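Thanks for coming. I have one chain to go through today, and I will put it on the screen before I say anything about it.

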Amino acid sequence: MSDLDQLTQSLARNLKRWRTERNFTLDALAARAGVSRGMIIQIEQARTNPSVGITVKLADALGVSITTLLDHEQGPQVRLVPPERAVRMWSTDAGSSTTLLVGTESRGPFELWTWHLMPGEGSDSDGHPPGTLELLHVRTGELTLVVDGDEHLVAAGCAASFEANAAHGYHNKGAEPVEMTMAVSVPPAHAGTY
């Protein structure tokens, strides 16, 4: 089974599990996530591999991390994730990529990411649920962080934090690759809230 097939199967199984555990109907999850009911059915039946954006919306709506949606394993207090088990979520032919390193469900989803952005490339995201925080540290290059339409330059060695409930994006407008680490904390979802 290829990595993509394994990812598709994990997502199908875990999306249905968490939707059922949260007592969300297909329609309720669709409305909460802003994703069509048909797309959710296709994902739960492992008939499609959704975009990173759709996966993030579903995770946010369920109040779980992407890690949980892709591979929910209950384990010991210490969880080691070797490089080959990290999940590459996004990549381009030019060499840009994001990799989810590790995540947890303690007091809501909390994720650690590594990013590699080639010159001229970037990634944009819709706002996440209120209370979502992102922290990042740029190791090399200069990141253009866009939050709610405002650009912020984050040079190598600098860090930034922001509330991620507004649209935001990460762009490399420079001449060298940007390497950064990012942590995302999402408040837990409650079945009665929308």
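Let me begin with a definition: two strands pair if DSSP finds at least two bridges between them. Helices (H or I, at least four residues) and strands (E, at least two) are themselves DSSP runs, numbered from the N terminus. As for the source, this is a predicted model, where local features need pLDDT of at least 70, side-chain atom pairs count only at pLDDT 80 or more, and totals for chains, interfaces and linings use all residues. Residues are numbered from 1 along each chain as its sequence is written, and side-chain values use heavy atoms, with hydrogens and water left out.

First, the overall counts. The chain has five helices and ten strands. Of its 194 residues, 43% count as buried, where buried means under 20% relative accessible area, exposed means over 50%, and partly exposed is in between, with a 1.4 Å probe and protein chains only. Contact here means heavy atoms within 4.5 Å. Taking contacts between residues at least 6 apart in sequence, 64% join residues at least 24 apart.

Now the strands, beginning with E6. Strand E6 covers residues 142–147, and five of its six residues are buried. What does E6 pair with? One partner is strand E7, residues 150–155, in the antiparallel sense over six bridges. Within that pairing, Thr144 has Leu153 of E7 as its bridge partner. The hairpin of E6 and E7 has two residues between the strands, and Asp148 there takes a positive phi near 55 degrees. E6 is also joined to strand E9, residues 168–171, by four bridges, and this pair runs antiparallel. In E9, His168 stands opposite Val147.

Strand E5, residues 133–140, also has two pairings to show. With strand E8, residues 159–163, E5 pairs in the antiparallel sense over five bridges. With strand E10, residues 178–185, E5 shares seven bridges, again antiparallel. Leu136 can be followed in both: Leu136 stands opposite Ala160 in E8 and opposite Met182 in E10.

On to a helix pair. Two packed helices are described by the angle between their axes and the distance between the axes. Axes are lines fitted to C-alpha atoms, for helices over the stretch in contact, and angles run from 0 to 180 degrees between N-to-C directions. The axes of H2 (residues 26–33) and H3 (residues 37–44) come within 9 Å and cross at roughly 110 degrees. H2 and H3 are therefore roughly perpendicular to each other; for the cut-offs, under 35 degrees counts as roughly parallel, over 145 as roughly antiparallel, 65 to 115 as roughly perpendicular and the rest as oblique. Which residues meet? From H2 they are Leu26, Asp27, Leu29 and Ala30, and from H3 they are Arg37, Ile40, Ile41 and Glu44.

Last, two single residues. Asn49 sits in the loop between H3 and helix H4 (52–62). Is Asn49 buried or partly exposed? Partly exposed, with a relative accessible area of 38%. Leaving aside residues up to four places away in sequence, Asn49 touches Leu4, Leu7 and Thr8. The C-alpha atoms of Asn49 and Leu4 are separated by 7.9 Å, with their positions 45 residues apart along the chain.

Arg88 lies in strand E1, residues 87–91, and counts as exposed at 53% relative accessibility. With the same sequence neighbours left out, up to four places away, Arg88 touches Ser97, Thr98 and Thr99.
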